[in-house]
Amino acid sequence: MAGYVNKILEIDLTTKKTDIITIPDKDKERFIGGSGLSAHLFLERGLYKVDPLSEKNELIIMTGPLTGTTLPGTGRFTVCAKSPLTNIWGEGNCGGNFGPELKFAGYDGIIVKGVSEKPVYLYIDDGKTEIRNADDLWGRDTYDVTDILKDRYSKKAKVLTIGQAGENLVKYACIVNDKGDVIGRCGLGAVMGHKKLKAIIAKGSGKVNPCLVDEYNSLRKMLLEKIKENVVSQSFHQMGTAVGMDMGMLSGDIPIKNWRLGDHPELTKNITGPIMRERYLKRAGACFGCPIACKRVVEVNDGQYKTEEGPGPEYESLCSLGAMTMTFNLPALIKANEMCNRYGIDTVSCGSTIAFAMECYENGIIKKTDADGIELLWGNEEVILKLIKKISFREGIGDILAEGSKRAAERIGKGAEDYTVTVKGLEAEMHDPRGWHGMGLAYGTSNRGACHSQSMSLHIEQGVTIYPELGLDKDFKGQTSEGKAEMTVKSQNMAMVVNSAVICLFVMSCISMDDVADMLRTTTSFNYNKDKVMEAGERIWLLKRGINNLMGISSADDALPKAIMTPLKDGAAAGSVPDMKLMLKEFYQMMGIDEKGRPAKERLERFGLGELITRLYSR
Ligand code: SF4
């Protein structure tokens, strides 16, 4: 089947055995690839039953049929596993260049099983695979490991690695591709660390050839034109994702001081896309084959926070490490971002957990003596940098905070849970549902916990778009809950397709679902159209939901935390709170969710998910 290599490498680190598995074409068509196909394998292999940090958990690294093609925004891949942070379905989607290289090296994906006794890395070279000793890499940060492996093999090889946070089983450790691109959320770096798998290096000389060449070529030309003309892609190129800082303040999108404030004058004065561009930008960077190039390569030349040229902070990191902790010093945030990348730690969960600790400190729940003598004061950048290190190495208070804010609150007690902002155990991403209620429903029903990218928010199609939600449309409807269930259903079904194909969400701001169907059809020759891919999207959401039900999730878990359900006194979203009761009621009806929070049997039958029915309804 064109688009796929039709081979998945399965590697057992306990027995050191490798195997090749193949996926039937009907399952490729039903689940596409990326996180959809991973969810199918997760269920088939019974991974919902395992402990996330046990030999039985498996790390599923998966490309999509578009990965490695020349279509724009498709150089991506996903990593999935049972999450050690949330104990449910965990997934991350990454750009960079590892995904295409893996396909060029001969594999659609890798499934890593078992646990090695000693640190190892996986070497993949044009279909040849070896497990090699990583004693000399263990204990090193992700930048060092990347440099060492590229020096050892080839500058053209692509590296996926964990830092010290993954080795130390920090529950929100991430996996880093070639320094700047991360599988950030859900703590999948800790799964890799537990397996003693320090890195994977891949190089290959293969190609991904589309099936319908002429149609594919004209489609590609048309998509590139669309992206070039699009104002969102132009802003991302100019300002990076940090363009969202200015825009977010206008709509009440940015959480400040652990979600307590809706406005702060220092924010737009100090940590915006234009300021980063003017003072610290060296150049724009791009993932494989992307014409937008939204990435920031920055350098801080001098001063206390001097930072060598490297990947700069994205919007999410500026908010979580900066606005959430009231730290508005951009060079300090560039340094904090670099430390998180090097140690291999998710900036969103890290910044949110630090902000949680600061609020506990303000309210006398954490004392200076509990915090190794550090005063956890808002806006103190030195505290942020110290805590990033302590968390990554599990030193002192860092050991508790390395568990994530939900578990840390359970251990601390004394009402600390009031200061956590999580859904299903995942720290919320940096978009405030009080500014756009559809995001509240997206957070509540996202299968990996509070996440905006599981309900695609950036899309050109009317009725499924960020624009009416964020006030960029003449018909601004952000701070109302009516009609948001329908929008969220469409949006999340689209996101399931996009995270399976795998396509960049920012590129999706320029193209339509008809385009996506054409991309998949001309590449694979499966007879996709828009309806068929949307059907696949709904199937994948239902599958992930059912998997979560098998791990104990019910409708009670679709709730937003207290902080988000408390109205703000200032900012563009002042006084507004999403009506979750209304939105969830409509959402459950539309998605066929029963009173226990499970997809109804008839709905699963309609989407051909018999494998899930057997497991879900025989319990
Ligand atoms: S828009 Fe940015 S994140 Fe998306 S593929 Fe392009 S460079 Fe990567």
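**Exercise 1. State how many salt bridges a search of the whole structure finds, and follow those of R45.**

Step 1. Searching the whole structure yields 46 salt bridges, a salt bridge being a side-chain nitrogen of Lys or Arg within 4 Å of a carboxyl oxygen of Asp or Glu. The structure is a predicted model, in which local features need pLDDT of at least 70 and side-chain atom pairs count only at pLDDT 80 or more, while totals for chains, interfaces and linings use all residues. Residues are numbered from 1 along each chain as its sequence is written, and side-chain values use heavy atoms, with hydrogens and water left out.

Step 2. E10 and R45 form a salt bridge whose closest N and O atoms are 2.3 Å apart. This pair links distant parts of the chain, 35 residues apart: E10 is in strand β1, and R45 is in the loop between α2 (34-44) and β3 (59-63). Helices (H or I, at least four residues) and strands (E, at least two) are DSSP runs, numbered from the N terminus.

Step 3. R45 also forms a salt bridge with E58, with 2.7 Å between the closest N and O atoms. Both R45 and E58 are in the loop between α2 and β3, 13 residues apart.

Step 4. The accessibilities complete the picture. Buried means under 20% relative accessible area, exposed over 50%, and partly exposed in between (1.4 Å probe, protein chains only). E10 counts as buried at 11%, and E58 is buried at 9%, whereas R45 is partly exposed at 25%.

**Exercise 2. Describe the salt bridge between R342 and D141, and name the network to which these residues belong.**

Step 1. In this salt bridge the closest N and O atoms are 2.9 Å apart. R342 lies in helix α13 (residues 330-343) and D141 in the loop between β8 (128-133) and α4 (142-152), so the pair ties together parts that are 201 residues apart in sequence.

Step 2. R342 is buried, with a relative accessible area of 17%, and D141 is buried as well, at 10%.

Step 3. A network of salt bridges links D141, E308, K335, E338 and R342.

**Exercise 3. Identify which residues surround the ligand, and classify them.**

Step 1. The surrounding residues are R76, A286, C287, C290, I292, A293, C294, K295, C504 and F506; a residue is near a molecule or strand if one of its heavy atoms lies within 4 Å of it.

Step 2. This shell divides into 8 nonpolar, no polar and 2 charged residues. Here Ala, Val, Leu, Ile, Met, Phe, Trp, Tyr, Cys and Pro count as nonpolar, Asp, Glu, Lys and Arg as charged, and the others, Gly among them, as polar.

**Exercise 4. Locate the cis peptide bond between A501 and V502, and examine phi at N6 and N258.**

Step 1. Most residues other than glycine have a negative phi, and most peptide bonds are trans.

Step 2. The bond joining A501 and V502 is cis, with omega about -5 degrees. V502 is in the loop between α20 (484-501) and α21 (513-524).

Step 3. N6, a residue other than glycine, has a positive phi near 70 degrees. N6 is in the segment before β1 (8-12) and is partly exposed, at 24% relative accessible area.

Step 4. N258 is not a glycine either, yet its phi is positive, about 50 degrees. N258 is in the loop between α9 (243-251) and α10 (265-270) and is buried, at 1% relative accessible area.

**Exercise 5. Describe the lining of the second largest pocket.**

Step 1. The lining consists of 17 residues, of which K406, T422, V423, K424 and G425 lie nearest the centre of the pocket. The elements giving two or more residues to this lining are α17 (405-412) and β16 (422-423). The largest share, 3 residues, comes from α17.

Step 2. By class, the lining divides into 8 nonpolar, 4 polar and 5 charged residues.

**Exercise 6. Summarise the protein chain by its secondary structure, extent and burial.**

Step 1. The chain comes to 25 helices and 17 strands.

Step 2. Its C-alpha atoms fill a box of roughly 60 × 55 × 55 Å, taken along the principal axes.

Step 3. Of the 619 residues in the protein chain, buried residues make up 66%.

Conventions: On a 1 Å grid over the protein atoms alone, a cavity is a set of points where a 1.4 Å probe fits but cannot get out, and a pocket is an open set with protein on both sides within 12 Å along at least five of seven lines; lining residues have an atom within 4 Å of a point.
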